[in-house]
Amino acid sequence: MGQESSTPVDESTPPQTLNARSIDAVASYIKEGRAKKIVLMTGAGLSTAAGIPDFRSPDTGIYANLAKLNLPYPEAVFDISYFRSNPLPFYTLAHELYPGQYKPTLSHYFLRLLSDKGLLLKLFTQNIDCLERAAGVPSDKIIEAHGSFACQRCIDCRTEYPDDLMKRAIHNGDVPRCIGTECNGLVKPDIVFFGEALPEKFHQNRDLPSHADLAIIMGTSLSVQPFASLPGYCADGVPRLLLNSERVGGLGSRADDVLLLGDCDDGVRKLASALGWLAELEAIFKAENPDHATGGQVDKADTPQPRSLDAEIAQITKDVDESLRISDQHAASLRENLSLPVRRPSQSAQPMLPDNKNIEEIVPALRVGDFEIQDSRQFQKYKTAGPQAEGVNTNVRAAIDDPEEKASSATVGSRHPNQDLKTDKPSS
């Protein structure tokens, strides 16, 4: 399980379980009582309607705008090593993303409705915004694969930090420190940073989709392992419904896969309508959002806009520059280290890197949840074993063999720290 074809199923292939590959067929399957253990898998697309930016959109994503700040690279704001030396960029961003500033969307309340009806086996989410909790999904039903703002602790002694003190620190723009009298370590929300392992709770529950009788995947690119492997754990014949802007992963390759492409809230409305739950869903939304007169449809004018993206980007830049006092020399040095060319090896020589540089200095090994990474291990493997090295991305080979390429350009697909380098499969 976890690995499957990405080739779309032939249109002439009949479903095994559903009476058709349609949203109405999925609704009938649920109404008939055949779906009692539903597993949900959600990503950033679920929360964009709430006004929270995703990470990778070219113009509006968090990374695109962090690139405007004086950081060595945008992902540094979520890098544990960088956080230890310069925690303020993260807390500047946390001020914008901290729970309480955004409200759950109609889709979030649909997750709660599934739980209220006793149909939810487990919700796996890549999101760190806690909007599932805010919508009323019980915490024991949620697996936050990349952590969240729900709790926080010292990164050194692991002592938990009080919620009220954390909220006050973020509101005031302060960097919280451990409450232990002899520690004084930095405090960080339990969000998975680059260089940190995914929560144990994720690994303990990772095979739950194999027990599901229906999987619903919403608002995720499914580009990051090991989260991306979750739909593949569903048994053959188990319907999988995708509510997303585009086809992703291997979804659509099985006879009982149903793809409803478009906005998550629009897809949820169609499913709720087919189930006969739309009035109930809108009533829940309206009760939680009495100011909305549109029966659950969030008006654009009422949707909170991601303030850090445009109006406040100049202020954030100023705050970070002043607080961190990163010198121009240091920033230039970091940029230089990330763009050093690699010498072309001779026919008899092994691939070489600049003699005075470790590979980790040139391409940082960044790992976390929904972020693309640059994998220095492939450089090291190729440097050591040469052209016979197994499991080395072609971009990595090209960057080492071609003097015109930069080492920093050898960006490979997202890989979890436990993922096997040769097989591209997550190790157990």
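Tutor: A crossing is left-handed if the near helix is turned anticlockwise from the far one by less than a right angle. Keep that in mind for this predicted model.

Student: What kind of crossing does α5 make with α9?

Tutor: A left-handed one: that is how α5 passes α9. Helix α5 covers residues 106-116, and helix α9 covers residues 264-275.

Student: Why are α5 and α9 called oblique to each other?

Tutor: Start with the angle. The two axes cross at roughly 40°. Angles under 35 degrees count as roughly parallel, and 65 to 115 as roughly perpendicular. A value of roughly 40° fits neither range, so α5 and α9 are oblique to each other.

Student: How far apart are the axes of α5 and α9, and which residues meet?

Tutor: The axes come within 8 Å. From α5, L106, S107 and F110 take part. They meet C264, D265, V268, R269, L271 and L275 in α9.

Student: Now the cysteines. How many disulfides are there?

Tutor: The count comes to 0. A disulfide is a covalent bond between the sulfur atoms of two cysteines.

Student: Why is C154 not counted as bonded to C183?

Tutor: Compare the distance with the cut-off. A disulfide needs two cysteine sulfur atoms within 2.5 Å. The sulfur of C154 is 3.5 Å from the one in C183, its closest, so that pair is too far for a bond.

Student: What about C178?

Tutor: The closest cysteine sulfur to that of C178 is in C157, at 3.5 Å. That is too far for a bond.

Student: What makes C154 and C178 buried?

Tutor: Buried means under 20% relative accessible area. C154 has 0%, so C154 is buried. C178 has 9%, so C178 is buried too.

Student: Is A215 buried or exposed, and how do you know?

Tutor: Its relative accessible area is 0%, so A215 is buried. A215 is found in strand β6, residues 214-218.

Student: Which residues is A215 in contact with, leaving aside its neighbours within four places in sequence?

Tutor: They are V39, M41, C234, P239, R240 and L241. Take V39: it lies 176 residues from A215 along the chain, yet their C-alpha atoms are separated by 4.8 Å.

Student: What does the protein chain look like as a whole?

Tutor: The protein chain has 15 helices and 8 strands. Of its 428 residues, 52% count as buried. Its accessible surface comes to about 19,200 Å², and 46% of that belongs to carbon and sulfur atoms. Among contacts with a separation of 6 or more, residues 24 or more positions apart account for 67%.

Methods
Residues are numbered from 1 along each chain as its sequence is written. This is a predicted model: local features need pLDDT of at least 70, side-chain atom pairs count only at pLDDT 80 or more; totals for chains, interfaces and linings use all residues. Side-chain values use heavy atoms; hydrogens and water are left out. Helices (H or I, at least four residues) and strands (E, at least two) are DSSP runs, numbered from the N terminus. Buried means under 20% relative accessible area, exposed over 50%, partly exposed in between (1.4 Å probe, protein chains only). Contact means heavy atoms within 4.5 Å. Accessible areas come from the Shrake-Rupley method with a 1.4 Å probe; for residues, only the protein chains shown count as cover. Axes are lines fitted to C-alpha atoms, for helices over the stretch in contact, and angles run from 0 to 180 degrees between N-to-C directions. Angles under 35 degrees count as roughly parallel, over 145 as roughly antiparallel, 65 to 115 as roughly perpendicular and the rest as oblique.
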